[in-house]
Amino acid sequence: MTIDLTPPTKPTLGTCYYPEQWPKEQWQNDAHQMVELGLTWVRIAEFSWGVLEPTPGELCWQWLDEAIDVLGQAGLKVVLGTPSATPPRWMLDKWPDMLATDNSGHARKFGSRRHYCFSHLGYREESVRMAALMAKRYGNNPYVQAWQVDNEYGCHDTTYSYSDAAKRGFRVWLQQNYANINVLNEAWGNVFWSMQYNNFEQIELPNATVTEANPAHHMAYRRFSSDQVCDFNLAQVQAIKTFSKAPVSHNFMGRITDFDHAAMAQNLDFVTWDSYPLGFLEDRVNATSEHQRQYDRQGDPDFQAFHHDLYRGVGNGRWWVMEQQPGPVNWAPYNPAPLAGMVRLWSWEALAHGAEAVCYFRWRQAPFAQEQMHSGLLRPDSSLAPCYAEICQLAQEIECFPISKGKADVALVFDYTAQWAWEIQPHAANTSYFDLVFDCYKALRKQGLSVDVLPPSALETQEVCDQYKVLWAPGLMHMTQCLKDILVHAKGHVVWGPRSAAKTQDMAIPVPLPPNIDSLKVTVHSCESLRPDRPIALDQGGYVINYRELLDTNANVIEQTMDGEPVLIQHDKQLYLAAWLDQTCWQRVVKSVCGMANVPTLDMPEGVRCRNTGTHLFWFNYDNKHHDVSEQLLEPGGVLIQ
């Protein structure tokens with residue numbers, strides 16, 4: 001076997017396995033059973049540092065050599081993980097200041113995982129050392145066909161650290177990004193409240209201030225923290241690539257937005273993400289209790305799809321699901337079992353969105369430690385879990401199925417720096433940029449549309465922008481002039497706002513006043529946030545919720561409030577949306593704009609979604625009722641492929 005660097009044409013399945021947690025006598029049976037099930041990939045070793053190096057410099061490779069050999073000889077391809085997410089206990093004796101510090105100044109202790117600060121250069125060097133040792137030993141191993149760096153950056157609120165290491169790193173970062181202290185004072189508006197600094201060494205991290213810190217200070221710290229994560233990752237990627245030609249990835253998470261995934265992905269060969277529909281419904285989907293009850297065993301109909309599209313865009317088309325929920329998890333507030341058919345549905349939906357592989361976490365449920373209540377494909381006694389039959393069916397179904405490479409007519413921009421800006425100055429409680437974009441995405445999906453979710457960096461050329469008939473760009477609080485120019489000259493329809501170009505990079509209000517978009521004669525002269533119990537009615541039905549802007553404009557008004565204030569205005573193919581809409585109005589606006597652009601829409605039944613790959617049309621039923629779609633009856637948890 002040689003390492004195949006050619007992008008695959010057929011999707012595959014896999015699982016996550018921890019040979020160090022099971023007797024060696026069990027490995028071979030596990031490997032052969034994986035192959036019999038139809039699995040191709042097995043991810044290992046991402047939490048194994050304490051076994052690989054039980055004491056400093058004592059390297060124990062034999063067990064990993066044997067595990068890779070057993071799995072490979074059975075016919076499996078190995079994704080080898082670097083174990084920097086779980087530094088062993090002796091590492092803290094060597095580097096006692098490596099722990100991240102929370103917002104209150106308390107160190108995050110040893111005893112679980114992700115117990116390190118990205119800014120600690122000593123621990124970064126240790127991680128690179130281990131990655132290099134692994135790559136040197138296994139870089140030419142024919143069974144190691146891919147790599148995963150670390151595990152789930154940002155999980156457990158671990159991106160932001162207020163340690164001494166972070167403070168030192170932040171001051172260096174500031175000096176690299178601002179020519180001198182006077183430039184920083186001017187950019188941050190430090191004349192306000194006498195916040196001027198005389199030198200960079202006076203600048204602290206933006207925590208534990210009497211009241212809110214300067215928003216420019218917060219934004220600089222978030223940009224710094226994102227860069228630290230990306231630099232930490234890149235150092236390991238470079239160490240691996242010194243000795244291995246196999247592709248390198250990292251497994252992102254759902255609704256983790258505190259570092260720029262698109263910036264990191266520039267140094268990855270493909271991206272993956274970890275999909276837990278039922279767990280996310282409980283703790284990451286900002287849904288009503290009724291919505292959670294309705295979909296408690298299916299997951300939100302749009303949340304997984306949004307991340308599929310997001311990471312396809314972040315990864316320049318190449319992406320996997322590295323961890324797919326197979327049954328009840330252990331970490332959400334409530335952990336029901338999936339409705340029959342849902343594991344197959346979730347998997348098919350990922351494949352319909354272009355996933356090259358779907359891997360299940362985990363092979364066998366652990367009988368010990370923190371995740372013992374997290375289900376696997378097998379129970380702790382190796383009997384089959386309910387999902388096993390669904391995966392067996394799926395493995396047979398995808399045998400001749402091509403990887404989807406279809407291009408959508410509609411694109412939606414998602415920008416991580418916009419999320420930070422909205423978090424710093426939300427202007428309304430319980431609102432976020434993520435929710436604004438997700439509300440737009442839900443409306444698009446409910447109208448039967450396939451969507452490409454793109455980072456701003458993907459729109460650096462006019463050619464990419466011009467591929468879309470409609471491009472939605474809500475909430476991009478800071479926009480470069482280059483991005484503005486590209487959107488202004490787009491061939492298709494562009495929907496801006498709200499809060500488009502409302503801030504400079506350093507969180508100041510720009511002059512001329514926003515949005516300052518060429519060819520779209522509109523100025524935001526004031527804005528307001530709304531109480532949840534005081535929405536504003538629109539004259540065509542539905543409501544403005546959360547946030548709205550008041551406009552000076554002579555453009556054509558498409559949507560307005562009952563008292564005549566413009567909400568959606570249009571000039572030629574450029575439109576500006578000045579408010580956050582409820583779903584009734586979102587869907588009307590989607591239908592209206594898509595009608596202008598000659599993009600067909602569908603009114604989807606409750607809980608039903610579709611995905612057009614260009615070669616196949618998929619129908620997914622997230623509802624707990626049967627629905628008639630495309631002249632066929634689709635059962636709950638069912639998938640229809642045409």
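**Exercise 1.** Find which residue in strand 3 stands opposite isoleucine 44, and place the pair in its strands.

*Solution.* Isoleucine 44 stands opposite leucine 80 in strand 3. The model is a predicted one, in which local features need pLDDT of at least 70 and side-chain atom pairs count only at pLDDT 80 or more, while totals for chains, interfaces and linings use all residues. Residues are numbered from 1 along each chain as its sequence is written, and side-chain values use heavy atoms, with hydrogens and water left out. Next, take the strands themselves, which are DSSP runs of E with at least two residues, as helices are runs of H or I with at least four, both numbered from the N terminus. Strand 2 covers residues 41-44 and pairs with strand 3 in the parallel sense over four bridges, where pairing requires that DSSP finds at least two bridges between two strands.

**Exercise 2.** Determine how strand 3 is joined to strand 4, and how strand 3 is covered.

*Solution.* Strand 4, residues 144-148, runs parallel to strand 3 and is joined to it by four bridges; within this pairing, valine 79 has alanine 146 as its bridge partner. Turning to cover, strand 3 spans residues 77-81, and four of its five residues are buried, that is, under 20% relative accessible area with a 1.4 Å probe and protein chains only, whereas exposed means over 50% and partly exposed lies in between.

**Exercise 3.** Work out the strand order of the open sheet of nine strands, and identify which strands stand at its edges.

*Solution.* Begin with strand 1, residues 12-16, which pairs with strand 2 in the parallel sense over three bridges, glycine 14 standing opposite tryptophan 41. The open sheet of nine strands follows the order 5-4-3-2-1-9-8-7-6, with parallel pairing. Strand 5 (248-249) and strand 6 (251-252) each have a single partner strand at the edges, so one side of each is left without a neighbour in the sheet.

**Exercise 4.** Describe the chain as a whole, beginning with its helices and strands and its radius of gyration.

*Solution.* The chain holds 19 helices and 25 strands. Its radius of gyration, taken over C-alpha atoms, is 25 Å, close to the 26 Å of the globule rule (2.2 Å times the number of residues to the power 0.38) for 642 residues, so the chain is as compact as a globular protein of that length. The C-alpha trace spans about 75 × 70 × 45 Å along its principal axes, and buried residues make up 60% of the 642 residues.
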